[in-house]
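Please look through the model shown here, beginning with its open spaces and moving on to its metal site.

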Amino acid sequence: MRAELVTTEDIFNVISKTLGIMSAKVLSHGEIVAYIFYNMLKEEASYSDNELAEWTMIAMLHDIGAIKTDGTNVDLSVLETKNVWAHSIYGYLFLRYLSPVGSKADAVLYHHLAYNLHNQISCPYMKEAEYLTLADKMDVFMRTDIPGMERDYFAKKAGIDFSPSAMDRFNRAQKHFKFLEKLKTEAYREEMREIFRKVTFSEKQKRGFLEMLVYAIDFRSQQTVIHTMSTKAFSLEIGKLMRVNKRDMDALYYGSLLHDIGKIAIPLSILECPRRLTDEEMRIMKAHVIITDRILNGVLDEKVARIATRHHEKLDGSGYPLGLKETELSNLEQYVAVADILSALYSKRSYKEAFPPEKVKGILQSDADNGKINKEAVKAVIDNFDMITRNYETERNDTMERYKEILDQYDSIYQKFKVIDVKQYYRDKI
Ligand SMILES: [Fe+2]
Ligand SMILES: [Fe+2]
Ligand SMILES: [Fe+2]
């Protein structure tokens, strides 16, 4: 058994696979930008392995805001040359407010800001922002399918769009590590993975990156944010009441946090549908567990992946996707299934209002009596209903505050960027 249930490398792999589901181009762009950026920082020889890994992860996620602005239908050339501010701001806000990187998120905020406008802003990580801007455009440049970029683009734009010191660092790093050659083979991917194999992120760092990823996906729809968060909170409450050991509590945490990550591939029109879904829509909705499986299977510990992918199975075999029976489902898998139903009943969803406590308890009890869900977990929930929901309310209010904060901040930052954007547009003409 591995010492760590979920390793730093696992976190990187889950992020990669999720970006790949979002769009193959966004994934390969993220990987290449992260790799160029990593080589530039490494060449400076002043970053610890942990810092290098954290920065590489940030670079990998630099376009994560596109989840909100473009969903799974990303056109990289439009994203990176025209609609540059919206995804930069969301990416920054997700990293700043939902992950453990704090003010380093500034580098993402400014990854499309021209060098000769840097006097308009102040940022503790300006150097990294400059490196990221260059790495980003370097990959966009290397993709021949982006129109309007001439061959002497970088030579012409040095000192205007790109900082001369970033250009200098790029050239030194290339001379030193020959990373552009490595990008032509698959070898660079293995080298990236190696970065995350060498370090051990704290539990807080690991959880923070994953929570950011999950909430960024859910951010498209407020009710989905609440659902993921409450399923996680209820799963942990049930785990505590059922006296689950520490390692299994960790499995419950990761499994329940990631249980609906596959919803990244489900259209918003279905996620937020204000009525009962048609059979066809339901078929699409049910595919989210298949996508969750595609992301997690072979990446995470099997126990954790199964908790995530089996939350719609029922003890009598009437669930999906596999129609497994009680004897085939672990206790932890059964607990998350109860938590998922509790969350759906207790919260407002697009197709229903929140149910009052007595109704929630009644439905859970009858599902348990009908042999569909774990009886002991249901008893624990009903016996401790007030305590469980009170703890959850606190967490929900906290999450909703952060959610609103992100929306407010988005508007105010966007206003500032609009002014900068006009300057960026006209500066060459003045
Ligand atoms: Fe971007
Ligand atoms: Fe980018
Ligand atoms: Fe689900």
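A pocket, in the sense used here, is an open set of grid points with protein on both sides within 12 Å along at least five of seven lines, computed over the protein atoms alone, and its volume is the space filled by probe spheres set on those points. In this predicted model, the largest pocket has a volume of about 940 Å³. Its lining comprises 33 residues, and those that lie nearest the centre are Arg276, Met282, His312, Ala344 and Tyr351. By class, the lining of this pocket divides into 13 nonpolar, 10 polar and 10 charged residues.

Several helices contribute to that lining: H14 (222-241), H16 (268-271), H17 (279-286), H20 (331-346) and H21 (357-369) each supply at least two residues, and H20 gives the most, with 4 residues.

His312, one of the residues nearest the centre of the largest pocket, also leads to the metal site, where the iron ion (ligand 3) is coordinated by Asp260 through OD and by His288, His311 and His312 through NE2, at 2.2 to 2.4 Å. Along the chain, these donors follow the spacing D-x27-H-x22-H-H. Two of the coordinating residues can be placed by accessibility: His311 is buried because its relative accessible area is 2%, and His312 also counts as buried, because its relative accessibility is 16%, where the cut-off is under 20%.

What arrangement do the 4 donor atoms form around the iron ion (ligand 3)? The arrangement is irregular, because the angles they subtend run from 79 to 165 degrees, whereas four donors count as tetrahedral if all angles lie between 85 and 135 degrees.

Conventions
Residues are numbered from 1 along each chain as its sequence is written. Chains are lettered from A and ligands numbered from 1 in the order in which they are written. This is a predicted model: local features need pLDDT of at least 70, side-chain atom pairs count only at pLDDT 80 or more; totals for chains, interfaces and linings use all residues. Side-chain values use heavy atoms; hydrogens and water are left out. Donors are N, O and S atoms within 2.8 Å of the metal (3.2 Å for Na, K and Ca); water is not among the atoms, so sites may look incomplete. Four donors count as tetrahedral if all angles lie between 85 and 135 degrees; four count as square planar and six as octahedral if opposite donors are over 155 degrees apart and all others between 65 and 115; anything else is irregular. Buried means under 20% relative accessible area, exposed over 50%, partly exposed in between (1.4 Å probe, protein chains only). On a 1 Å grid over the protein atoms alone, a cavity is a set of points where a 1.4 Å probe fits but cannot get out, and a pocket is an open set with protein on both sides within 12 Å along at least five of seven lines; lining residues have an atom within 4 Å of a point. Ala, Val, Leu, Ile, Met, Phe, Trp, Tyr, Cys and Pro count as nonpolar, Asp, Glu, Lys and Arg as charged, and the others, Gly among them, as polar.
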